[in-house]
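Colleague: Got a minute? I'd like to go through this structure with you.

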Amino acid sequence: MRVKIIKNAVRCNFCGDVIESTYRHDYVTCSCGRVSVDGGHDYLRRCFASPDAFTELSITETLEEEKSKEKEPR
C-alpha cells in the first residue's frame with residue numbers, strides 16, 4: 001500500500017503553533033521548541049518530547065498498488 005502525502009503538519013499542544021513541512025528536509029520547529037516536523041510530501045517525520053505534545057493535522061491519501069505485469073515466456 002502506498003500513501004500520498006498531501007499536507008504534512010501538526011499543532012503543538014503547548015504553544016498552539018501549527019507547523020507544516022512543505023518540501024523534503026524542510027525541518028520546522030514550533031516557537032516553544034517542543035515539536036518539529038520534517039519530510040514535506042516525501043515522508044512524515046516527527047520529533048517531540050512526549051507523544052501528547054502535538055495534534056496530527058496531516059492529510060494523506062491511500063493509493064492503489066499497480067499489479068506488476070508478468071512477462072509471458074518466449
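Modeller: Sure, one definition to start: helices (H or I, at least four residues) and strands (E, at least two) are DSSP runs, numbered from the N terminus. Read along the sequence, the pattern here is β-β-β-β-β-β-β-β. That gives eight strands and zero helices.

Colleague: Where does the model come from, and how are residues numbered?

Modeller: This is a predicted model: local features need pLDDT of at least 70, side-chain atom pairs count only at pLDDT 80 or more, and totals for chains, interfaces and linings use all residues. Residues are numbered from 1 along each chain as its sequence is written, and side-chain values use heavy atoms, with hydrogens and water left out.

Colleague: How do strands 2, 3 and 7 line up?

Modeller: They form an open sheet with the order 3-2-7 and antiparallel pairing. Two strands pair if DSSP finds at least two bridges between them. Strand 3 (18–20) and strand 7 (54–56) are the edges, each with a single partner strand, so one side of each has no neighbour in the sheet. On average, neighbouring strands of this sheet are turned by 30° against each other, direction ignored. The axes behind that angle are lines fitted to C-alpha atoms, for helices over the stretch in contact, and angles run from 0 to 180 degrees between N-to-C directions.

Colleague: How many bridges join strand 2 to strand 3?

Modeller: Three, and the two strands run antiparallel. V10 has I19 in strand 3 as its bridge partner.

Colleague: Which strands make the 4-5-6 sheet's edges?

Modeller: Strand 4 (28–29) and strand 6 (45–48), each pairing on one side only. That sheet is open too, has three strands, and its pairing is antiparallel. Two bridges join strand 4 to strand 5. V28 stands opposite V37 in strand 5.

Colleague: New topic. What is in the largest nonpolar core?

Modeller: Eight residues: V10, C12, I19, C30, V35, V37, A53 and F54. Strand 2 (9–12) and strand 5 (35–38) each give two or more residues to this core. A nonpolar core is a set of buried Ala, Val, Leu, Ile, Met, Phe, Trp, Tyr and Cys residues joined through side-chain atoms within 4.5 Å. Buried means under 20% relative accessible area, exposed over 50%, partly exposed in between (1.4 Å probe, protein chains only). Buried residues make up 24% of the 74 residues.

Colleague: What does V10 touch?

Modeller: Not counting residues up to four places away in sequence, its contacts (heavy atoms within 4.5 Å) include I19, V35, V37 and F54.

Colleague: Why is there no bond from the sulfur of C12 to C32?

Modeller: The two sulfurs are 3.7 Å apart, too far for a bond. A disulfide needs a pair of cysteine sulfur atoms within 2.5 Å, and the count here is zero. The sulfur of C32 has its closest cysteine sulfur in C30, at 3.6 Å, again too far for a bond.

Colleague: And is C12 buried or exposed?

Modeller: C12 is buried, because its relative accessibility is 2%. C32 is partly exposed, at 33%.

Colleague: Last one. Which residues is I5 in contact with?

Modeller: Leaving aside neighbours within four places in sequence, they are G40, H41, D42, Y43, L44, I59 and T60. I5 and G40 are 35 residues apart in sequence, yet 7.9 Å apart in space, C-alpha to C-alpha. I5 is in strand 1 (residues 2–7). It counts as buried, at 10% relative accessibility.
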